[in-house]
Amino acid sequence: MQKQLMINFTLCALCAALTCVLAPIAVPIPPIPITLATFAVYLSGALIGPKYGPISQVIYLILLFIGLPVGAGFMGGAGLFLGPTAGFLIGFVPTSFVIGLLYSKFGKSTNNYINKILWLLLSFIVGTIVCYILGLVWYMLYSGADFVAALMVCVVPFLVGDTLKIIALLLLVPQLENALKSQLS
């Protein structure tokens, strides 16, 4: 039990660190830059589940809030939680939770590779929708934009990149699971 807890906390810290490393890598498209942060968010949910995945993202958000330059374009500070990207940032936690919950409940334990990948894909799609909804709603409140205008700013520019991230993760997650399983057994 103690060993598993230590492993979970270590994976949690690694996922938080990965988010810190990937989030600053950004394509500056005002007002909401395209970053690699969601790659780490999705991975945290799929790899370490609905408990530790969100905890890793809370750790990331705390580091961002206190001013570490781990946000898009190496930004940091409490002000980011009042700006146009706040809905996405806060959305990292429920996104990781939803992905972790769906995948751990329906896909992770299956021995059928196709079913595993399909559940992983569905988990990523639902998680992405959660992140988009939270980002969209916050942006509408923040900017006063109507739904269509907010959709054009908060969703459309991200579709191709998020699709590519999901494809990469569909290939990566099963490999990482196998590597962790062989190292931990």
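## Helix packing and a few residues worth a look

Helix 4 (residues 113–143) and helix 5 (residues 147–154) pack against each other at an angle of about 125°, and their axes are 9 Å apart. An angle over 115 but not over 145 degrees counts as oblique, so helix 4 and helix 5 are oblique to each other. Their crossing is right-handed. On the helix 4 side, the contact is made by Tyr-132, Gly-135, Leu-136, Tyr-139 and Met-140, while helix 5 brings in Phe-147, Ala-150, Leu-151, Val-153 and Cys-154. Sorted by class, this contact has nine nonpolar residues, one polar residue and no charged ones.

Keep in mind that this is a predicted model. How confident is the predictor along the protein chain? The mean pLDDT of the chain is 95, with 99% of its residues at 70 or more. Confidence is lowest in strand 1 (residues 26–27), where the mean is 90, and highest in helix 2 (residues 37–65), where it is 98.

Now for two spots in loops. Pro-30 and Pro-31 are joined by a cis peptide bond, with omega at about 0°. You'll find Pro-31 in the loop between strand 1 and strand 2 (34–35). The other spot is Phe-74, which sits in the loop between helix 2 and helix 3 (86–107). Phi of Phe-74 is near 65°, a positive value in a residue that isn't glycine.

Is Phe-74 buried or exposed? With a relative accessible area of 57%, Phe-74 clears the cut-off of over 50%, so it counts as exposed. Phe-124, a residue of helix 4, has a relative accessible area of 0%, so it falls under the 20% cut-off and counts as buried. Here are the two phenylalanines in one table:

| Residue | Location | Relative accessible area | Class |
|---|---|---|---|
| Phe-74 | loop between helix 2 and helix 3 | 57% | exposed |
| Phe-124 | helix 4 | 0% | buried |

Which residues does Phe-124 touch, leaving aside those up to four places away in sequence? The list is Tyr-42, Ala-46, Ile-99, Ile-166, Leu-169, Leu-170 and Val-173. Take Ala-46 from that list: it is 78 residues from Phe-124 in sequence, yet the two are 8.4 Å apart in space, C-alpha to C-alpha.

Methods:
Residues are numbered from 1 along each chain as its sequence is written. This is a predicted model: local features need pLDDT of at least 70, side-chain atom pairs count only at pLDDT 80 or more; totals for chains, interfaces and linings use all residues. Side-chain values use heavy atoms; hydrogens and water are left out. Axes are lines fitted to C-alpha atoms, for helices over the stretch in contact, and angles run from 0 to 180 degrees between N-to-C directions. Helices (H or I, at least four residues) and strands (E, at least two) are DSSP runs, numbered from the N terminus. Angles under 35 degrees count as roughly parallel, over 145 as roughly antiparallel, 65 to 115 as roughly perpendicular and the rest as oblique. A crossing is left-handed if the near helix is turned anticlockwise from the far one by less than a right angle, and right-handed if clockwise. Contact means heavy atoms within 4.5 Å. Ala, Val, Leu, Ile, Met, Phe, Trp, Tyr, Cys and Pro count as nonpolar, Asp, Glu, Lys and Arg as charged, and the others, Gly among them, as polar. pLDDT is the predictor's confidence in each residue, from 0 to 100. Buried means under 20% relative accessible area, exposed over 50%, partly exposed in between (1.4 Å probe, protein chains only).
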